[in-house]
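Dear colleague,

Please find below the structure that I am handing over to you, together with its sequence. My notes on what was found in it follow directly after.

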Amino acid sequence: MNYSDRICLLSLLAAPLAACQSAGYMSSVALTGAESRQHVVEAISEGVTEQGMARDEFASAGRMLASIQTASEVAAAELYSEYLDQIDLCARRVERFDGQIEVLQIGADQLFVDWEAELEQFTSEAIREQSSRRLEAARSGFALLHDELTGVHGQMVASLFTHKDYALYFNHNLAGSSRELLGSENSRFRATMATMSKDCKVVEADARTFNERLSGSPEVAPEPSRGPTPDAPESKQ
């Protein structure tokens, strides 16, 4: 091969590299995972916010319920109307909370798809393996957090049914003597609400931990902050 032929060959080999450099070497590399990750972080924060707002509405409903049972019959009748409106507020908040959990699930699914696609682009087996381990840790951590969120949602749905039972009862039993018969039910309901409040705090803590670790810390899966909460009472239709 003479000198001029070598120059032509080198020019042909350099052409693809020059094209990559002009377009940006990384332009052909899919880097959508970071955007998907940020979406999940934001969706988790929104989910925790919706959970907190729903919890606050239930706390208000609980206070109204207690007031109805200690008020005079005339005052109880007025409080009862407000109580019905508050139950509706609780139901709307629970619906929004449920919708945000669904948004979060969709976002997480997309994150894991994008992350899987990025694994295929590595040339270093060692780095790919490290990223793969973090992906699996993220999946595990998200599964735990999602279970906690849906668990709290389930408790809220069960509480809505209990509030409906109270509303049905008070519709015909606002007399003081009738209200006094609810002592044992009130104790059970207060315990249920205390458990919900505790579990909401667990979700808040685990959500913070998950988001921090998803952003770059070595481990992603949050350690469970508590043992499993007893199943919520079955919903009554």
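Of the 237 residues of the protein, 36% count as buried. Please bear in mind that this is a predicted model. The protein exposes about 13,800 Å², and carbon and sulfur atoms supply 56% of that area.

As to secondary structure, the protein has 6 helices and 0 strands, which gives the pattern α-α-α-α-α-α when read along the sequence. Among the contacts with a separation of 6 or more, 80% are accounted for by residues 24 or more positions apart.

The nonpolar core

The largest nonpolar core holds 47 residues, and the members that touch the most others are Tyr 83, Met 156, Phe 170 and Leu 214. Four elements give two or more residues to this core, namely α2 (33-70), α3 (73-119), α4 (125-170) and α6 (183-214). Helix α3 provides the largest share, with 14 residues. In soluble globular proteins, nonpolar side chains tend to be buried together.

Which residues does Tyr 83 contact, leaving aside its neighbours within four places in sequence? Tyr 83 is in contact with Ala 61, Met 64, Leu 65 and Ile 68, and also with His 163, Tyr 166 and Ala 167.

Cys 90 has its place in helix α3. With a relative accessible area of 0%, which falls under the 20% limit, Cys 90 is buried. Apart from neighbours within four places in sequence, Cys 90 is in contact with Glu 57, Phe 58, Ala 61 and Leu 160. Cys 90 and Leu 160 are 70 residues apart along the chain, and their C-alpha atoms are separated by 7.5 Å. Ala 61 is thus named among the contacts of Tyr 83 and among those of Cys 90.

Aromatic pairs

The count of aromatic pairs comes to 5. In one of them, the ring centres of Phe 142 and Phe 210 are 6.5 Å apart and the planes stand at 55°, so the pair is tilted. Because Phe 142 lies in helix α4 and Phe 210 in helix α6, this pair ties together parts that are 68 residues apart in sequence. Are these two residues buried or exposed? Phe 142 and Phe 210 are both buried.

Another pair is formed by Tyr 166 and Phe 170, whose ring centres are 6.1 Å apart; their planes are at 25°, which is under the 30 degrees required, so the pair is stacked. Tyr 166 and Phe 170 are separated by about one helical turn, because they are 4 residues apart in helix α4. Both residues are buried. Tyr 166 and Phe 170 also belong to one aromatic cluster, together with Tyr 169 and Phe 189. Phe 170 is, in addition, one of the core residues that touch the most other members, while Tyr 166 is one of the contacts of Tyr 83.

A polar contact at Arg 128

Arg 128 is found in helix α4. Which backbone oxygen does the side chain of Arg 128 reach? The side chain reaches the backbone oxygen of Leu 119, at 2.9 Å. Leaving aside neighbours within four places in sequence, Arg 128 is in contact with Leu 119, Glu 120, Phe 122 and Thr 123. Leu 119 is the residue at which helix α3 (73-119) ends.

With kind regards

Notes
Residues numbered from 1 in each chain as written. Heavy atoms only, no water. Buried < 20%, exposed > 50% of the residue type's maximum accessible area, 1.4 Å probe, protein only. Contact = heavy atoms within 4.5 Å. Areas by Shrake-Rupley, 256 points an atom, 1.4 Å probe, with all protein chains shown as cover. Core = buried A, V, L, I, M, F, W, Y, C linked by side-chain atoms within 4.5 Å. Phe/Tyr/Trp six-rings, centres within 6.5 Å; stacked < 30°, edge-to-face > 60°. Polar contact = N/O pair within 3.5 Å; in protein donor to acceptor, adjacent residues only side chain to side chain.
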